[in-house]
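Good morning, colleagues. I should like to take you through one model, beginning with a single helix and ending with the whole chain. Please have the sequence and the structure in view.

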Amino acid sequence: FRVLLLTSLSISSINGLVTGSGSVGGNAGGASYVTLFIRALGADAQQIGILNSSGRIARALFGLPLGWISDRFSLKKVILTGLILSVIVPLAYVLSTTWVHAIPAMMISAIAQTLTGMFINIFFVTSMREASDRATAMSMKSILTSLVGLVIPTISAIIVVQSGGISVEGI
């Protein structure tokens, strides 16, 4: 239980730091610093919408197959894959020189969030011995990740300011 809780909090922290948002679950593309970064790369409002849609498309295309894979093989391996992808996402954004180049980063981010968010919740719930403890454990996880979500945007802002401000270079 503690390991899963710490893993969930770590993932929430990484996602929040990368995006600069307080949203710690399921926000594939609407996050504040990602949107500012994409804008700084030259995207207009419509192009930002297209980019956000690319993340939703990735979730729609890969959600069912990823669920099937986790049911047939190993939920732990699927979650580990999501964690690895979560580490790749910032690199994919850094390598983006135009908003079009950020589309793969947005899609990888959406897939990573699907793999880590949804499947960790499943793993979390099924790891509880007593069925009566499951709702309490999920509520505790939700509260703790929400608390992380309150702190992370401030840390992200400090990092961005120290790195040069709200610009492609700073973000």
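I begin with helix H6, residues 134-162. At 1.5 Å a residue its 29 residues should span 42 Å, and the end C-alpha atoms are indeed 42 Å apart, so the two values agree. The expected span is taken as 1.5 Å times one less than the number of residues. Helices here are DSSP runs of H or I with at least four residues, strands are runs of E with at least two, and both are numbered from the N terminus.

Before going further, a word on provenance: this is a predicted model, in which local features need pLDDT of at least 70 and side-chain atom pairs count only at pLDDT 80 or more, while totals for chains, interfaces and linings use all residues. Residues are numbered from 1 along each chain as its sequence is written, and side-chain values use heavy atoms, with hydrogens and water left out.

Where does H6 bend? The bend is at Val151, by about 30°, and Pro153 follows within four residues. A bend is the angle between axes fitted to the seven residues ending at a position and the seven starting there. The buried residues of H6 include Ala137, Lys141, Val148, Gly149 and Ile152. Buried means under 20% relative accessible area, exposed over 50%, and partly exposed in between, with a 1.4 Å probe and protein chains only. After H6 comes Gly164, with a positive phi near 125°.

Helix H3, residues 45-72, invites a similar reading. Its 28 residues reach 41 Å from first C-alpha to last, close to the 40 Å expected. H3 bends by about 40° at Phe62, with Pro65 following within four residues. Phe62 counts as partly exposed, because its relative accessibility is 37%. Phe62 also lies 9.8 Å from Leu115, C-alpha to C-alpha, although 53 residues separate them in sequence. Among the buried residues of H3 are Gly55, Ala58, Gly63 and Gly67. At the N-terminal end of H3, Asp44 acts as a cap, with a side-chain oxygen 3.1 Å from the backbone nitrogen of Gln46. A polar contact is a pair of N or O atoms within 3.5 Å; within protein, one must be able to donate a hydrogen and the other to accept it, and residues adjacent in sequence count only if both atoms are side-chain atoms.

Two serines deserve attention. Is Ser96, in the loop between helix H4 (75-94) and H5, buried or exposed? Ser96 counts as buried, because its relative accessibility is 4%. A polar atom of its side chain lies 3.3 Å from the backbone oxygen of His101. Beyond four places in sequence, Ser96 is in contact (heavy atoms within 4.5 Å) with Phe37, Leu41, His101 and Ala102. Ser109 sits in helix H5, residues 102-127. Ser109 is buried too, because its relative accessible area is 10%, and it touches Val89 and Tyr93, leaving out residues up to four places away.

Finally, the whole chain. The protein has six helices and zero strands, and 38% of its 171 residues are buried. Of the contacts with a separation of 6 or more, 72% join residues 24 or more positions apart.

As for confidence, pLDDT runs from 0 to 100 for each residue. The mean for the protein is 77; by element, H3 has the highest mean, 88, and helix H1 (residues 2-19) the lowest, 61. Over residues 22-30, pLDDT stays under 50.

Conventions:
pLDDT is the predictor's confidence in each residue, from 0 to 100.
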